[in-house]
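Please open the model in your viewer and keep the sequence panel beside it, since each stop on this tour asks you to select something and then says what is to be found there.

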Amino acid sequence: MHLLWWLMVGHALADFVLQSGAMAIGKSPHHVGAPGEPPWYYWLTSHALIHGGVVGIVTESAGLGVAEFIAHWLIDIGKCEHYYGFNTDQAFHLGCKLIWIVIVLKS
């Protein structure tokens, strides 16, 4: 249970505290940034890397960190493309955390 707690704390930090307004807006492929502003995929990749880093640290697994990076990138691009909304996005992220816990417990 403590693993779920720390994964959720890390998710809250990465998704709400460490994600700046510029990143939240800039990570969408539909955002047209100012000249010289990083392209959307820099923002989205950086955001997903932060999540991957948090999961890697909490689970002590670089492999799960990479898995979180990929999953978070794909989930967020789906939200940016309006395939689903905020609540579904967050449910998908929680589902990933539950999968990582199962993997840790089985190893």
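Begin in this predicted model by selecting Leu64, Ala67, Glu68, Ala71, His72, Ile75, Asp76 and Lys79 in α4, which meet Phe86, Asp89, Phe92, His93, Cys96, Lys97, Trp100, Ile103 and Val104 in α5. Coloured by class, the residues of this contact divide into 10 nonpolar, two polar and five charged. Now show the two helices whole, α4 as residues 62–80 and α5 as residues 86–106: their axes come within 10 Å and cross at roughly 165°. With angles over 145 degrees counted as roughly antiparallel, α4 and α5 are therefore roughly antiparallel to each other, and their crossing is right-handed.

Stay on this pair of helices and select Ile75, which, once its neighbours within four places in sequence are set aside, is in contact with Tyr84, Asp89, Phe92, His93 and Cys96. Then select Ala67, whose place is in helix α4 and which is partly exposed, with a relative accessible area of 25%. A distance drawn from the C-alpha atom of Ala67 to that of Cys96 spans 9.1 Å, although the two residues are 29 apart along the chain.

Which residues does Lys97 touch, if those up to four places away in sequence are not counted? Select Lys97, which is found in helix α5, and display its surroundings: Leu7, Met8, His11, Val55 and Glu68 are the residues that it touches. Is Lys97 buried or exposed? At 2% relative accessibility, Lys97 counts as buried, the cut-off for that class being under 20%.

Move next to helix α3, residues 40–59, which packs with α4 at an angle of about 140°, the axes of the two being 7 Å apart. The two helices α3 and α4 are therefore oblique to each other, and α3 passes α4 in a right-handed crossing. To see the contact itself, select on the α3 side Trp40, Leu44, Thr45, His47, Ala48, Leu49, His51, Gly52, Val55, Gly56 and Thr59, which meet Leu64, Gly65, Glu68, Phe69, His72, Trp73, Asp76 and Ile77 in α4. By class, this contact of α3 with α4 has nine nonpolar, eight polar and two charged residues.

Between these two helices, stop at Glu60, which is found in the loop between α3 and α4. Most residues other than glycine have a negative phi. Glu60, however, has a positive phi of about 60° although it is not a glycine, and at 75% relative accessibility it counts as exposed. A second stop of this kind is His82, in the loop between α4 and α5: His82 has a positive phi of about 65°, again without being a glycine, and is exposed, with a relative accessible area of 67%.

Turn now to helix α1, which packs with α5 at an angle of about 140°, with their axes 10 Å apart. Here too the relation is worked out from the angle, and α1 and α5 are therefore oblique to each other, while α1 passes α5 in a right-handed crossing. The residues to select are Leu3, Leu4, Leu7, Met8, His11, Asp15 and Phe16 of α1, together with Phe86, Gln90, His93, Leu94, Lys97, Leu98, Ile101 and Val104 of α5, which make the contact. They divide into 10 nonpolar, three polar and two charged residues.

While helix α1 is in view, select Trp5, which is found in it and is exposed, with a relative accessible area of 54%. Add Ser28 to the selection and draw the C-alpha to C-alpha distance: Trp5 and Ser28 are 29 Å apart in space and 23 residues apart in sequence.

Which residues make up the largest nonpolar core? For this last stop, select Leu3, Leu7, Val55, Leu64, Ala71, Ile75, Cys96, Trp100 and Ile101, which form that core, nine residues in all. The elements that give two or more residues to this core are α1, residues 2–17, along with α4 and α5.

Terms used. Residues numbered from 1 in each chain as written. Predicted model: local features only at pLDDT ≥ 70, side-chain atom pairs only at ≥ 80, totals over all residues. Heavy atoms only, no water. Axes fitted to C-alpha atoms, helices over the stretch in contact; angles between N-to-C directions. Helix = DSSP H or I, 4+ residues; strand = E, 2+ residues; numbered from the N terminus. Parallel < 35°, antiparallel > 145°, perpendicular 65-115°, else oblique. Left-handed = near helix turned anticlockwise from the far one by under 90°. Contact = heavy atoms within 4.5 Å. Nonpolar A, V, L, I, M, F, W, Y, C, P; charged D, E, K, R; others polar. Core = buried A, V, L, I, M, F, W, Y, C linked by side-chain atoms within 4.5 Å. Buried < 20%, exposed > 50% of the residue type's maximum accessible area, 1.4 Å probe, protein only.
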